[in-house]
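Good morning, colleagues. I should like to take a few minutes to introduce a structure that is new to most of this group. Please look at the display as I begin.

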Amino acid sequence: MDATSALLKMQQNLRKMKRHGRHVPKIVRYGTPKKIANIMLAELELRQQKTILRCLPYYFIIDVCNVCNLRCPLCPTGNTTIARKQAMLSLEQYKELFDKVRKYALVVSLYNHGEPLLNPDVFSIIEYTHRNRVGTNISSNFNWPQPVDINDFIRSGLDYVTVSLDGVTQEAYQQYRVRGDIAEVFDNMKRLLAAKRALKSKTPFVEWQFIVFKHNEHEMDEARRLAPELGVDLLRFVSPGVPPEDMHNLELQERWMPKNPSYWERNPKLVEERGYVFDQACFYLYRSMFIYPGGGVTPCCFAHDDRQDFGNLYNNSVSEIWNNKTYCSARMLFSKTAPTEDRIETICDKCTVFRQDGAHLCGVRSARDVFLEGRKQAAHSVAV
C-alpha cells in the first residue's frame, strides 16, 4: 500500500471512529449481560464466517414508513424502482413486530426507504421502544409536509437523529434532494437544537450527514464553519453509494462521484479493480435484520424488491428466519469452507459490496465478472 492509499484508509477509519457516539452509549445505556453476550458471539461468528449461527441479530432496522416526500435519484423510493408495497406501520403493527425482536435488540433504527416523520405514529413508536429499554435512531430529510412538535424528539426518548443535508445552498442541495427546501431543513434543525438546550437534554444526539457529491464538495468548508455555530453534535461527510445493481453504470459514476478521493469509499471503480467495494465479509448477515412494513425480512437495505425477501416476521420468529435456507445460503458466500448442504440463489449472489471468499466454493460466478458483463451490455445498448 502506497503512502496516499494509507492516508486515505486512515481518514476513512477516523470518520468511522467519530460515529462511535452512535453506538457506544447504547451499549452502556441498554446493554444487559444477555444482550452483550449475544453481541460478542455475533462478532465472533462473523470473524469465523460461520454459516449456521448460535447468535441472533442485535441491530434491527424496522422501516416504519417506506414512503417519501423527496425524490433522491439514487434511492429506490426516490427513483420509484422500489418493488414492494409502500405503507406506514401503525403503533399496533409495530408492537407486533417489535415484541418479536426486543429480547435481542440493542438498538432499532426506524427508517430505511422512506421519511419516518411522515408516519403520524412515529413518536409513539419511539416512546414504546425506549420504554422497553431498546435504543432508537431515525434519519430524516427534515422537510415535513405536516407540522411536527419539535419537543417530541426529546419527550419520546429518541437517542439519535441523522439530518440528511447535503450542501449549504439551495442550488447544490436540490440537485440530489429533489423537492427539498434547504431553508426548511436549517430552520427545523435549529428548532430541534434550541429545544434540546431549553429542556437541558443530551438527547437526541444530532448528526448532520453530508453526502459528498461532485456538485457539492466545494461547500464542505462552509459546512465545517456552520456546524459548530449551529451546535450539532457531529458533522459527518460520507461517500455516495451507487446501488449494487447500478454499479456498472458509468453515467451514474460520472455524475455523482466527487473528485476528492477521500470520499471514494464506495466508488464503483473499486469493483472494476478488485470485484468488491469493502474488503471484508458482509457484517449485515451476522448483526442485523431489516424489516419492512409488510413484515418482509431482508439482509440489508439493498433488497428493495419483495421477491428478494428472506422471510416474513409476521409469519415466523426471528430465530426461524435467521438460520433458514436463504440466510444460510447467503452466508455460504463468505465462508472459506466448501458448503456441505445444497444452497439456493439469493440477492447476495450478485452483490459487489463485500468480499465473497466462498463464492467460488459455491459455484457462484464472481461478482466482478457480473459487473463487467453489465458494463459491457450497457456500453452496447448506448452504441445501438
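Let me start with one pair of charged side chains, Arg177 and Asp166, which form a salt bridge with their closest N and O atoms 2.6 Å apart. The two residues come from distant parts of the chain, 11 residues apart. Arg177 lies in the loop between helix H7 (170-176) and helix H8 (182-198), while Asp166 lies in the loop between strand S4 (160-164) and H7. I should say at once that this is a predicted model.

Are these two partners buried or exposed? The cut-off for a buried residue is under 20% relative accessible area. Arg177 has 9% relative accessibility and therefore counts as buried. Asp166, at 0%, is buried as well.

How many salt bridges does the structure hold? The count is 21, and I shall describe some others.

A second pair is Lys196 and Asp233, whose side chains meet at 3.1 Å, N to O. This salt bridge also links distant parts of the chain, with the two positions 37 residues apart: Lys196 belongs to helix H8, and Asp233 to the loop between helix H9 (220-230) and strand S6 (234-238). Here Lys196 is buried, at 8% relative accessibility, whereas Asp233, at 37%, is partly exposed.

The third pair sits within a helix. Arg225 forms a salt bridge with Glu222, and the closest N and O atoms are 2.6 Å apart. Why are these residues about one helical turn apart? They are both in helix H9 and 3 residues apart, so about one turn separates them. In general, an α-helix has 3.6 residues a turn, so residues three or four places apart point the same way. Both partners are partly exposed, Arg225 at 44% relative accessibility and Glu222 at 31%. Elsewhere, Asp149, Asp152 and Arg155 are joined into one network by salt bridges that share partners.

Let me turn finally to helix H3, which covers residues 33-48. Its 16 residues reach 22 Å from the first C-alpha to the last, close to the 22 Å expected. The buried residues of H3 are Lys35, Asn38, Ile39, Leu41, Ala42, Glu45 and Leu46. Viewed down the helix axis, the buried residues fall within an arc of 165 degrees, so they line one face of H3. The face turned away from that buried side carries the exposed residues Pro33, Met40 and Arg47. Just after the helix, Gln49 adopts a positive phi of about 55 degrees.

Thank you for your attention.

Conventions
Residues numbered from 1 in each chain as written. Predicted model: local features only at pLDDT ≥ 70, side-chain atom pairs only at ≥ 80, totals over all residues. Heavy atoms only, no water. Helix = DSSP H or I, 4+ residues; strand = E, 2+ residues; numbered from the N terminus. Expected span 1.5 Å × (residues − 1). Buried < 20%, exposed > 50% of the residue type's maximum accessible area, 1.4 Å probe, protein only. Arc of directions from axis to C-beta. Salt bridge = Lys/Arg side-chain N within 4 Å of Asp/Glu carboxyl O.
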